[in-house]
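Let's take a walk through this structure together, starting with charged side chains and ending with the backbone. Keep the viewer open as you read.

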Amino acid sequence: MKTRHRLIAAGIALAFTAGAAGSVQAQDFPNKSVDYVIPFGPGGESDISARLQQPHFKEMYGEDLVISYKPGGGGAVGWSQLNSSDGDGYTIMGINLPHIVIQPATKDVGYTTDDVTGIYWFHYTPDAIVVPADSDFQSLQDLIDYAKENPGKVTMSGSGKGTANHLASIRFDEMADINTTYVPFKGTGAAVTALLGNQVMAEWGYTTVGAQQGDKVRMLAVAMEERHPSFPDVPTFKELGFDLVGGAYRGVAVPKDTPEELRQKWSDIIGSINSDEKFKQQMLDGGFALIDVPYDEVPAFMEKRKAEYLKAAKSAGIVD
Amino acid sequence: MLGEHLAQALTPLNVLLALGGVAAGTIIGSIPGLTATMAVAVLVPLTFTMDPASALILLGAIYTGAIYGGAYSAILLNTPGTPSAIGTTFDGYPMAKCGDGNLAVTVACLGSVVGGLVGAFFLLTLSPPLSEVALAFGPVEYFWLAIFGLSLIAALSEGALAKGLMGASLGLLLSCVGVAEISADVRLTFGSQTMIGGIEVVSALIGLYCIPVLIDLVATPDRHLKVESEQRGFRLSEAIPIMWREKINVVRSSVIGTVVGILPGAGGSVAGLVAYAEARRAARQGQKYGTGEPGGVIATESANNATVGGGLIPTLVLGIPGTPPDAIILGALLVQGVRTGPQLFESQGSIVYTFIYGLFLATLLMLPVGLLVGRYAYKTVVTLPKALLVPSVAFMTIIGSYAIRNSVSDVIIMISLGAVGWVLARFGIAASPIVLGIILGPIAEQGFVQAWTIGSATGDLAGMFFGRPISLAIILFTLFTLFLPLLQARIRARRMPNAE
């Protein structure tokens with residue numbers, strides 16, 4: 001009995017301090033360094049975009065944003081452990097689409113899409129069809145024509161299965177009524193290497209590939225609403241008559257017991273980094289496309305993406 | 001022009017960064033679990049405020065030092081400090097066992113310096129043409145390269161091939177656990193959440209190599225390593241003649257290291273293993289690889305340090321990282337606003353050439369730094385009483401396997417694999433074939449699946465697997481490595497029919 005009383009008392013005390021701390025925290029938050037977990041290995045695009053955020057956070061808030069890595073299971077290891085971290089606002093984690101929709105839909109990975117408390121989606125790397133500069137495919141129509149005459153013979157590298165590249169490949173094949181062969185590689189770097197080495201005829205890549213490889217590659221179309229500012233000559237799929245907009249989206253999530261105030265605070269922080277002119281320019285130069293989906297718009301955004309991905313995954317036979 | 005870049009690399013700040021970087025890298029690399037990749041990743045934020053060339057020199061120096069530092073624990077504790085040093089255990093630890101630990105450390109240092117210089121030399125002189133090598137290697141070449149690596153098992157387990165194959169099969173099976181890298185299938189997790197991330201290579205290395213050593217240390221009353229009665233310092237007077245005797249080995253291994261470093265799908269561990277296999281194949285009579293032959297240490301150490309320069313070739317020229325630490329360096333470059341690509345050498349030549357000269361400098365500084373740190377490490381491991389040595393090493397194994405991806409389950413996997421490895425060793429199944437399976441399994445699998453997919457699409461499977469020149473060369477080397485020991489035994493038997 002005695003211990004139970006003590007427990008209750010302690011619980012009440014804790015609740016008070018937590019409540020008090022919550023309101024104080026939001027005001028002078030952050031007052032120590034923040035752990036930014038990337039659920040992939042270093043060097044990938046999730047890492048690079050976090051690295052670009054890092055100095056701006058330090059500049060704006062005077063505290064360090066410490067990036068650490070928790071790779072494994074294509075991100076699943078990190079996301080399944082997200083909610084066991086402290087919800088004090090000092091742990092945030094990178095999140096990716098379509099990963100957090102496709103993974104829990106296809107298998108038991110230790111988390112569900114709704115377990116992940118996204119507070120901001122800040123950019124995406126738009127899907128793009130990339131060919132070597134000396135390829136015979138001058139336009140998207142060339143590729144479609146060739147694929148129509150030679151069903152299955154067009155080999156296209158891409159990063160992994162069930163990924164943005166893979167889903168884009170499935171959706172586009174359906175829209176254009178063609179049949180291509182998708183060859184999964186370990187990450188975008190390997191998929192680009194295969195393209196440059198002429199191991200495949202084309203690549204389902206991202207605009208970042210165009211930014212990095214410059215005049216060694218040609219992008220046939222990008223999956224954006226409007227043309228990418230860094231590539232004014234590359235048409236969008238929409239212009240060419242295919243309603244394909246999307247790519248690999250990246251955002252930030254917090255553990256689920258993070259109080260509302262801090263969720264909102266983080267949404268503001270990421271938003272303010274996103275509106276920094278220098279950051280914007282760095283991201284555009286890298287081939288990224290910025291978007292702003294703050295905390296209150298995240299649910300609607302997720303619903304739309306979920307429907308889109310699950311439909312593509314179903315027709316690919318990844319999800320029943 | 002040339003002198004200008006050299007002078008820029010030699011500013012007091014850059015020399016200091018190179019020196020500090022190499023020293024820090026050497027120490028980090030010597031701790032199992034703290035890899036070169038991690039060392040570079042941790043330091044990236046510090047470099048944001050520096051000018052690009054200095055930042056790169058610091059990162060390059062840490063990287064170089066860490067790759068060499070992995071040799072210490074490989075030689076003294078039979079545990080590769082980084083995956084690149086796996087091959088160093090084959091002969092380094094037997095050398096240490098016989099009291100030649102300090103000689104092995106010195107030889108490793110000399111080999112690393114030469115390898116590093118050769119890699120940096122190719123980076124300086126032949127980057128653009130050599131970067132094409134990265135592109136010539138397609139899925140099927142990686143598949144055959146992995147098979148070639150697996151053929152090393154035949155050599156490693158001479159006289160007990162069946163056991164070697166059992167070990168390798170176990171390793172291949174372990175490499176399948178978790179979410180498959182390219183097909184995203186979940187395999188062999190038995191419904192357990194903790195297995196989704198698969199078996200992390202570094203924690204497997206620590207478990208399979210280090211835990212059995214620890215168990216044996218506790219179980220036997222002998223000293224860990226044989227101690228000599230007289231201290232003989234660095235034993236440079238012995239090491240330099242050995243290096244001279246092994247000059248062909250050094251050059252061959254350094255070139256292998258450079259080329260494998262250029263291949264984005266391979267890395268330092270594969271480079272060391274391939275160089276070791278080749279050194280063994282070319283062994284002179286009387287050289288007993290696997291039982292304390294300095295040539296084995298030289299081969300792996302010169303090869304793995306040559307991957308530093310080699311790996312930077314595709315990183316700088318193509319924007320495709322050659323090795324995992326290069327991926328981080330590429331990210332750092334991007335943040336610094338440096339555009340990689342073929343035009344980099346012209347447009348931002350001052351940064352690139354200053355960096356390359358800085359890499360030379362760091363590699364040269366590795367000689368004094370490496371020898372000094374190595375001597376200290378050797379003395380510590382040899383003189384530390386068991387009651388202190390075992391707990392401190394055990395502590396390091398736990399920290400190391402946890403740190404690699406901040407995961408407690410990796411520690412549990414490490415300890416379990418260690419126990420399994422110890423039991424298997426009782427039955428004559430060594431750790432190395434298992435590790436070979438774990439490292440090469442995914443490379444072989446991915447290459448096979450991709451080659452099969454492309455081959456089926458183009459309707460030419462046979463041509464895909466057997467019709468490409470590089471593939472054919474690798475297949476020939478594989479057959480050679482596999483059957484050479486058999487052939488040699490035959491010839492020996494025929495020459496001396498009445499020997500026994």
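A salt bridge here is a side-chain nitrogen of Lys or Arg within 4 Å of a carboxyl oxygen of Asp or Glu. This is a predicted model, in which local features need pLDDT of at least 70, side-chain atom pairs count only at pLDDT 80 or more, and totals for chains, interfaces and linings use all residues. Residues are numbered from 1 along each chain as its sequence is written, chains are lettered from A and ligands numbered from 1 in the order in which they are written, and side-chain values use heavy atoms, with hydrogens and water left out.

Arg284(B) and Glu246(B) make a good first stop: they form a salt bridge whose closest N and O atoms are 3.5 Å apart. Arg284(B) sits in the loop between helix 12 (268-281) and helix 13 (294-318) of chain B, while Glu246(B) sits in the loop between helix 10 (236-245) and helix 11 (247-262) of chain B, so the pair ties together parts that are 38 residues apart in sequence. Helices (H or I, at least four residues) and strands (E, at least two) are DSSP runs, numbered from the N terminus. For accessibility, buried means under 20% relative accessible area, exposed over 50%, and partly exposed in between (1.4 Å probe, protein chains only). On that scale Arg284(B) is partly exposed at 42%, whereas Glu246(B) is buried at 3%.

Chain B offers another salt bridge, between Glu445(B) and Arg187(B), with the closest N and O atoms 3.0 Å apart. Because Glu445(B) belongs to helix 19 (residues 431-458) and Arg187(B) to strand 2 (residues 186-187) of chain B, this pair ties together parts that are 258 residues apart in sequence. Glu445(B) is partly exposed, at 25% relative accessibility, and Arg187(B) is partly exposed too, at 22%.

Now turn to chain A, where the side chains of Lys306(A) and Glu303(A) meet in a salt bridge of 3.9 Å, N to O. Both residues lie in helix 11 (residues 298-316) of chain A, three residues apart, or about one turn of the helix. Lys306(A) is buried, with a relative accessible area of 17%. Over all chains, a search of the whole structure finds 19 salt bridges.

How many salt bridges are there between chain A and chain B? The count is zero. The two chains do meet, though: 42 residues of chain A are in contact (heavy atoms within 4.5 Å) with 43 residues of chain B. The size of an interface is often given as the accessible area lost when the parts come together. Here buried area is the accessible area (1.4 Å probe) that two parts lose on being put together, summed over both. Chain A and chain B bury about 3,500 Å² between them, 61% of it on carbon and sulfur atoms. Ten residue pairs are in polar contact between the chains, both residues at pLDDT 80 or more. A polar contact is a pair of N or O atoms within 3.5 Å; within protein, one must be able to donate a hydrogen and the other to accept it, and residues adjacent in sequence count only if both atoms are side-chain atoms.

A polar contact within chain A can be seen at Ser46(A), a residue of helix 2. Its side chain and that of Arg250(A) are joined by a polar contact of 3.2 Å. Ser46(A) is buried, with a relative accessible area of 12%. Leaving aside neighbours within four places in sequence, Ser46(A) is in contact with Ile38(A), Phe40(A), Asn96(A) and Arg250(A).

Finally, follow the backbone. Phe29(A) and Pro30(A) are joined by a cis peptide bond, with omega about -5°, and Pro30(A) lies in the loop between helix 1 (2-27) and strand 1 (34-38) of chain A. The peptide bond from Leu97(A) to Pro98(A) is cis as well, with omega near 5°. Pro98(A) is in the loop between strand 3 (91-97) and helix 4 (99-106) of chain A.

Positive phi values outside glycine also deserve a look. Asp177(A) has phi near 55° and is exposed at 60% relative accessibility. Arg235(B) has a positive phi of about 60°, but this residue is buried at 4% relative accessibility.
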